[in-house]
Amino acid sequence: MSEIVPPEVRPKPAVPAKPSHVAPPASVPHMPPHGPGAGSQGSGGGSTLLGYVGIDTIIEQMRKKTMKTGFDFNIMVVGQSGLGKSTLVNTLFKSQVSRRSSGWSRDDKIPKTVEIKSVSHVIEEGGVKMKLTVIDTPGFGDQINNENCWEPISKYINEQYEKFLKEEVNIARKKRIPDTRVHCCLYFISPTGHSLRQLDVEFMKHLGRAVNIIPVIAKADTLTPEEKTEFKQRVRKELEVCGIEFYPQKEFDEDMEDKSDNDKIREAMPFAVVGSDKEYQVNGKRVLGRKTAWGIVEVENPNHCEFSLLRDFLIRSHLQDLKEVTHNIHYETYRAKRLNDNGGLHPISSSSDTQESNL
Amino acid sequence: MAATEIARQAGEGVRAVPLSGHVGFDSMPDQLVNKSVNHGFCFNILCVGETGLGKSTLMDTLFNTKFEGEPTQHNQPGVQLKSNTYELQESNVRLKLTIVNTVGFGDQINKEDSYKPIVEFIDTHFEAYLQEELKIKRTLHSYHDSRIHACLYFIAPTGHSLKSLDLVTMKKLDSKVNIIPIIAKSDAISKSELAKFKIKITSELVSNGVQIYQFPTDDETVAEINSTMNGHLPFAVVGSTEEVKIGNKMVKARQYPWGTVQVENENHCDFVKLREMLIRVNMEDLREQTHTRHYELYRRCKLEEMGFKDTDPDSKPFSLQETYEAKRNEFMGELQKKEEEMRQMFVQRVKEKEAELKEAEKELHEKFDRLKKLHQDEKKKLEDKKKALDDEQNIFKQKKTAAELLQSQAQQAGGSTTLKRDKERKKNDGCDQS
């Protein structure tokens with residue numbers, strides 16, 4: 001006697017809908033290679049499935065896992081004082097993550113050298129926990145003689161790489177190595193309207209290879225739209241001439257789709273931003289803005305400034321990519337250089353070879 | 001999540017800050033997932049079990065596809081591992097699936113070493129990953145992970161207990177790979193026997209200290225289902241790729257004269273549970289366990305074996321490199337010492353040989369001298385003899401000339417009388433001479 005098999009009720013988990021401003025995944029499905037597949041031993045090849053197996057649930061599993069562990073993100077802001085760095089970070093993350101120095105009091109002196117101050121906060125949204133660390137660099141570019149003022153910053157970045165490397169090299173490693181490496185460095189350009197300053201060029205040249213630099217034009221409400229476009233063009237040209245690659249770097253584009261997305265972004269960089277944490281009433285809506293005698297500059301209005309572009313780019317689409325480029329490329333470069341400098345020894349493999357050959 | 005949880009997490013002096021608007025980083029998991037999807041996933045399964053237990057068929061049934069291969073013979077001389085890689089795709093997820101089969105397991109008469117090829121295989125892949133990780137210029141993010149993520153151990157459906165081969169093999173493998181034991185061809189066991197069999201197996205595993213893979217129960221969403229499944233281990237499965245019409249649907253089943261065993265019917269066998277657990281719920285966890293537990297254990301043991309230790313109290317920066325340097329110097333020192341020894345031995349041997357040769361030379365010289373002397377003596381003797389002979393010849397000549405002179409004188413002086421006298425004289429001479 002045969003029972004009626006109950007129909008399979010397990011629902012196929014929906015592929016998560018990406019937020020609208022993020023580019024959709026490749027619509028062309030990758031055809032499984034027929035014949036000997038890449039690196040397959042024996043008689044392998046593309047196999048077509050004759051029914052639903054459930055492999056795509058791995059997406060859900062992975063998502064659950066990452067939501068449980070949470071994320072770390074370390075952002076560094078570099079620029080002269082008074083360019084609105086702390087305000088911008090607070091506006092970006094919609095919370096008081098960076099204490100801004102509203103004017104200098106008598107006791108606040110300009111630091112003799114560039115200091116590195118890092119503050120961490122945990123923010124949560126939609127079930128996703130993020131440990132955000134904002135690294136501030138007061139004193140950058142503020143002295144009369146600013147030679148080598150990027151050195152403390154460079155040292156700090158390398159120290160974080162070194163910390164991570166040491167943890168990684170341990171025999172008994174932690175399950176999750178705490179990641180304090182700088183994932184992104186926002187460089188604030190002063191809105192002179194002419195071109196980049198010498199200091200800007202020098203800084204980006206020295207640090208462009210070690211960390212992801214995203215240049216932004218600060219206090220952009222002092223530029224009219226035409227001045228803005230011209231300034232941006234000049235800045236981009238100057239960076240190209242000096243051979244400075246800012247994030248997203250051309251050389252790390254993985255495929256055509258990435259390239260076209262990133263090209264669009266690169267064309268629009270550096271973003272001209274305005275930051276504010278005060279709200280005003282505009283057209284019946286409460287918006288973040290700066291109130292002036294001649295009107296209110298709306299921060300999130302794409303006609304007024306490019307803050308929303310920056311935010312979408314930084315947080316909503318490329319947050320993970322920033323971390324990956326830091327880990328896979330900048331950190332690996334540092335590690336290779338460090339291991340090479342230590343005598344250029346190839347670990348284990350060569351020693352075991354020579355040992356075996358002499359036994 | 002409750003605010004208390006956040007505060008708890010933000011333990012080390014990290015404040016939790018409330019947000020006043022939508023920032024947008026809740027798309028972070030999506031970003032991460034999309035990157036992984038673009039990259040593709042890989043999953044490696046090892047099937048261990050005696051020949052004929054239906055390993056290949058079960059794989060076909062699990063992944064709903066016909067993998068290639070024919071059933072192996074029973075006369076293999078030793079255990080070999082054959083691996084096949086397949087690229088599967090479902091919606092937009094690409095999976096590189098590698099299935100490793102043990103060929104010839106349990107077929108030999110002497111099965112003592114049966115587990116060794118398997119352990120070696122797993123270690124080889126760990127080693128390959130370790131090597132890649134230790135390289136100076138490495139490409140870990142595009143490295144094809146070949147480590148075994150799950151090991152399905154097929155138990156023969158005897159109905160009694162585990163075989164000793166099974167126990168030994170599982171004990172050797174439990175610290176290297178996630179073991180999921182399953183009862184193969186379970187349509188050979190009746191329901192009541194099955195329950196007893198399962199209990200017997202689990203108690204044997206526990207009493208022998210074999211650590212099988214436990215489905216994780218720390219995540220609330222899957223904790224419930226995982227803990228119930230943990231109670232159903234080992235899964236009793238039936239595999240089949242043939243379809244039979246039941247009612248008005250085609251289902252995978254095995255048809256017997258007395259009835260049909262439906263593979264996907266939970267009352268008939270645990271196949272659906274296995275598929276749920278292995279693929280749909282815990283695939284990611286299996287991969288993570290392999291990386292964080294088994295691989296780390298292997299790495300730790302391997303590095304300690306090489307003599308590396310972690311940083312000591314006065315932590316030198318990068319002690320791994322320094323220990324390595326020290327070892328290398330030590331090793332080079334040893335090499336040099338050996339070289340010296342060899343060189344000295346060589347020199348000594350040369351000296352000895354030289355001495356020998358000198359001896360031989362001396363002897364030869366002596367011999368030469370002796371012979372020379374001999375030769376000279378002989379020569380002298382001969383010369384003496386020759387001289388003597390010459391003297392005699394001279395005397396003879398003198399006498400001959402003297403005799404001739406006398407003869408001529410006698411002829412001149414006398415006639416026959418002289419002849420007589422000559423004759424006498426000649427006689428006398430002859431007497432004198434003789």
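Trainee: How many disulfides are there over all chains?
Mentor: This is a predicted model. A disulfide needs two cysteine sulfur atoms within 2.5 Å. For Cys184(A), the nearest cysteine sulfur belongs to Cys185(A), 7.0 Å away, and Cys184(A) is in no disulfide. Over all chains the count is zero.

Trainee: Is Cys184(A) buried or exposed?
Mentor: The cut-off for buried is under 20% relative accessible area. Cys184(A) has 0%, so Cys184(A) is buried.

Trainee: What is the exposure class of Cys301(B)?
Mentor: Buried ends at 20% and exposed begins over 50%. Cys301(B) has a relative accessible area of 42%, so the class is partly exposed.

Trainee: How is H1(A) oriented to H2(B)?
Mentor: H1 of chain A spans residues 57–69, and H2 of chain B spans residues 28–39. Their axes come within 9 Å and cross at roughly 135°. Roughly antiparallel would need over 145 degrees, and roughly perpendicular 65 to 115. Therefore H1(A) is oblique to H2(B).

Trainee: Which residues of H2(B) make the contact with H1(A)?
Mentor: H1(A) brings Ile59(A), Met62(A), Arg63(A), Thr66(A) and Met67(A). By class, the contact has seven nonpolar, two polar and two charged residues. From H2(B) come Pro29(B), Asp30(B), Leu32(B), Val33(B), Ser36(B) and Val37(B).

Trainee: What is the handedness of the crossing of H1(A) and H2(B)?
Mentor: The axes cross at roughly 135°. The crossing is right-handed.

Trainee: What percentage of the residues in chain B are buried?
Mentor: Chain B has 11 helices and 10 strands. Of its contacts with a separation of 6 or more, 67% join residues 24 or more positions apart. Of the 434 residues in chain B, the buried share is 43%.

How values were computed:
Residues numbered from 1 in each chain as written. Chains lettered and ligands numbered in written order. Predicted model: local features only at pLDDT ≥ 70, side-chain atom pairs only at ≥ 80, totals over all residues. Heavy atoms only, no water. Buried < 20%, exposed > 50% of the residue type's maximum accessible area, 1.4 Å probe, protein only. Axes fitted to C-alpha atoms, helices over the stretch in contact; angles between N-to-C directions. Helix = DSSP H or I, 4+ residues; strand = E, 2+ residues; numbered from the N terminus. Parallel < 35°, antiparallel > 145°, perpendicular 65-115°, else oblique. Left-handed = near helix turned anticlockwise from the far one by under 90°. Contact = heavy atoms within 4.5 Å. Nonpolar A, V, L, I, M, F, W, Y, C, P; charged D, E, K, R; others polar.
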